[in-house]
Amino acid sequence: MNQRLFSVSLAAVLTAIGFAVSALGWIALAVYAVLVVALVTFAVRRQRPTDDGRTCSCCTTTVFTPVTVVDAVDVVEVT
């Protein structure tokens, strides 16, 4: 899905709902605005990636997993 198109359409729908709510009065509009800002803030914070060294949330190992090479002839471990 195109992220920009979705964002623009979501903003348009929220604005249209805001105009409809504004007919109920300033208090209803203020409550609606606070609710929208809180939900958008929550959604943005939830989408923010965590920096824990993993490529995605489903991985169980870090990106740079150490590799141990064992030389079978000399029995030397290189890390």
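This report describes the overall make-up of a predicted protein model and the way its two helices meet.

## Overall make-up

In this predicted model, the secondary structure of the protein chain consists of two helices and two strands. Read from the N terminus, these elements follow the order α-α-β-β, so that both helices come before the strands.

## Surface and burial

The protein chain has 79 residues, of which 5% are buried. Its accessible surface amounts to about 7,300 Å², and carbon and sulfur atoms account for 68% of that area.

## How the two helices pack

Helix 1 covers residues 3–22 and helix 2 covers residues 26–47, and the two pack with their axes 8 Å apart, at an angle of about 155°. Because angles over 145 degrees count as roughly antiparallel, helix 1 and helix 2 are described as roughly antiparallel to each other. The crossing in which helix 1 passes helix 2 is right-handed.

On the side of helix 1, the contact is formed by L14, I17, G18, V21 and S22, while helix 2 contributes A28, L29, Y32 and V36. When the residues of this contact between helix 1 and helix 2 are sorted by character, seven are nonpolar and two are polar, whereas none is charged.

Technical notes. Residues numbered from 1 in each chain as written. Predicted model: local features only at pLDDT ≥ 70, side-chain atom pairs only at ≥ 80, totals over all residues. Heavy atoms only, no water. Axes fitted to C-alpha atoms, helices over the stretch in contact; angles between N-to-C directions. Helix = DSSP H or I, 4+ residues; strand = E, 2+ residues; numbered from the N terminus. Parallel < 35°, antiparallel > 145°, perpendicular 65-115°, else oblique. Left-handed = near helix turned anticlockwise from the far one by under 90°. Contact = heavy atoms within 4.5 Å. Nonpolar A, V, L, I, M, F, W, Y, C, P; charged D, E, K, R; others polar. Buried < 20%, exposed > 50% of the residue type's maximum accessible area, 1.4 Å probe, protein only. Areas by Shrake-Rupley, 256 points an atom, 1.4 Å probe, with all protein chains shown as cover.
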